Amino acid sequence: MIGLLLSIVALVGTACSTTETSSKQASVKLIQDESVPYIGFLLDTLEEERWYKDKQLFEDHVKSLGGQVKTLAANGSDAVQLVQAQLLIEEGVDVLVVVPHNAEEGAKIVELAHKHKVKVISYDRLITKSDLDYYISFDNKKVGVLQATEIVKHIPKGNFAYIGGAETDNNAVLFREGALSVLQPLIDKGDITLLADQYTEEWNPKNAENNMKAILTKANNKVDAVVAANDGTAGGVINALSNVGLAGKVPVSGQDAELDGVKRLVTGTQTMTVYKPIPVIATQAAEMAYQVAKDETITTDTTINNQKTDVPTILLEPMPVTKETIKSTIVKDGYLTEEEIYRK
C-alpha cells in the first residue's frame, strides 16, 4: 500500500513537472483513426451502484455517435484522479468529462487540461474555482426541496435530523440548501426542531450510521424524521434506526434510486428517493462531449457560478419516487426492473 501511494505521488510530481514541456508537444491519439473524437471520462468512484450505470450508458452513447471513449475511476483519491487526467491527456483525448472527487481539487484537472488545449465538462458534480468549460447536472437545490417536502408531508412537526453528503462535494452543499429552504420556515415557526445538521464524510454509509447513532443517543431516541441526502446515507441512518426499533416508524429520504434504496421503499423503511434519470444525463453529456470534441457549437440552458466564472450549464429535472410511484418512474424508464425490485 505504501509503495502504491509513493508511486502515485511520484506520478503526480512527474505530471506537474512536465506540464509545460508536454503542453508544447502535439498530442497523438492512441486510437487508429485520429479523426475520430476521443473522449476521456473520469469518475470519482465505482464503489456506488449508480456510477456503473453512468459509465455504461455514457460509453455506449459515445460509441453510437461514432466516437471513442476511455473511462477511469479514482476510487475516491484526488491524487489518483489528477494522474488519470494526465494519462488521458497524454493519450490524446479531445475532451475530458469529469466527476470530481473534490470540487476544489478538481480545479487542478481543469488547469492541466487547458494547458494542453483540452476542454473539460463537469459531470453531475460542479468543479469549483476554475475556468471550467461546461457543466451538466440536475437541479440539485430542487433535489433537497423534493426530499424535505416529502418528509414534511409525513411529519409536519417534530424533531428532525439532517444527514448530508460529503461537504467536499458541491452537490451536497446544494442538497442541503434546498432542504433547508423547506425546513427553515417551519423551524422558525417552532413546528420543527432540528436536532442535527451535519455532513457525512466521504458519503460513507457507515459514517452516516455512526452519526445517526450519536443523534439518537443524545435525543434519547426521540427523533421523528430524517432528511438524508442519498440512498447510501439513508441506508446508514436506517441501520441506526433499526437498532432502536424505529426503522419504518421514522420517515427517511434518499436519492439516486439505488436498488437497495428502492427495495427499502417497498418494505417501508425508507420513505422516498429522488430519481435523477441517469440515461438522460449520460446521453446528453455524451452528446455534449462529442460536439465539444468536434468544435461544434454547444447550446446550454443557463450559467452557474463556480466561484470563479459563470459556467455554461445544462440542468435536468429530478423527480421524487415513493412506494406508489416506483412503476411509473424508474421501472417505466427501464432503470430498474420489477423483478430486481420485488423478487424475494
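## Strands 10 and 11

How many bridges join strand 10 (residues 302–305) to strand 11, and do the two run parallel or antiparallel? There are four bridges, and the pair is antiparallel. One residue match to look for is Ile-304, which sits opposite Val-311 of strand 11. The two strands form a hairpin with four residues between them, and there Gln-307 takes a positive phi near 80 degrees.

Strand 11 (residues 310–316) also pairs with strand 5 (residues 134–138). That pairing is parallel and again has four bridges. Here Ser-137 faces Leu-315 of strand 11.

## How far to trust it

Keep in mind that this is a predicted model. Average pLDDT for the chain comes out at 92, with 92% of the residues scoring at least 70. The stretch to be wary of is residues 1–26, where pLDDT is below 50. Leaving aside near neighbours in sequence, that stretch has 17 contacts in the model.

## The 7-6-8 sheet

Now for a three-stranded sheet: it is open, its strand order is 7-6-8, and the pairing is parallel. Strand 7 (192–198) and strand 8 (225–228) are the edge strands, each with a single partner, so each has one side with no neighbour in the sheet. From one strand to the next, the twist averages 20 degrees.

Strand 6 (residues 158–163) and strand 8 are linked by four bridges in the parallel sense. Within that pairing, Phe-160 has Ala-225 in strand 8 as its bridge partner.

Two helices lie across this sheet's strands. Helix 7 (residues 170–189) crosses over strand 6, strand 7 and strand 8, running at about 165 degrees to strand 7. Helix 8 (residues 205–218) likewise lies across strand 6, strand 7 and strand 8, with an angle of about 155 degrees to strand 6.

## Helix 4 against helix 5

A packed helix pair is described by the angle between the two axes and the distance between them. For helix 4 (residues 78–90) and helix 5 (residues 106–115), the axes come within 10 Å and cross at roughly 20 degrees. Angles under 35 degrees count as roughly parallel, so that is the label for helix 4 and helix 5. Their crossing is right-handed.

Who does the touching? On the helix 4 side, the contact uses Gln-81, Leu-82, Ala-85, Gln-86 and Ile-89, while helix 5 brings Lys-108, Ile-109, Leu-112 and Ala-113. Sorted by type, the residues of this contact are six nonpolar, two polar and one charged.

Methods: Residues are numbered from 1 along each chain as its sequence is written. This is a predicted model: local features need pLDDT of at least 70, side-chain atom pairs count only at pLDDT 80 or more; totals for chains, interfaces and linings use all residues. Side-chain values use heavy atoms; hydrogens and water are left out. Axes are lines fitted to C-alpha atoms, for helices over the stretch in contact, and angles run from 0 to 180 degrees between N-to-C directions. Angles under 35 degrees count as roughly parallel, over 145 as roughly antiparallel, 65 to 115 as roughly perpendicular and the rest as oblique. A crossing is left-handed if the near helix is turned anticlockwise from the far one by less than a right angle, and right-handed if clockwise. Contact means heavy atoms within 4.5 Å. Ala, Val, Leu, Ile, Met, Phe, Trp, Tyr, Cys and Pro count as nonpolar, Asp, Glu, Lys and Arg as charged, and the others, Gly among them, as polar. Two strands pair if DSSP finds at least two bridges between them. pLDDT is the predictor's confidence in each residue, from 0 to 100.
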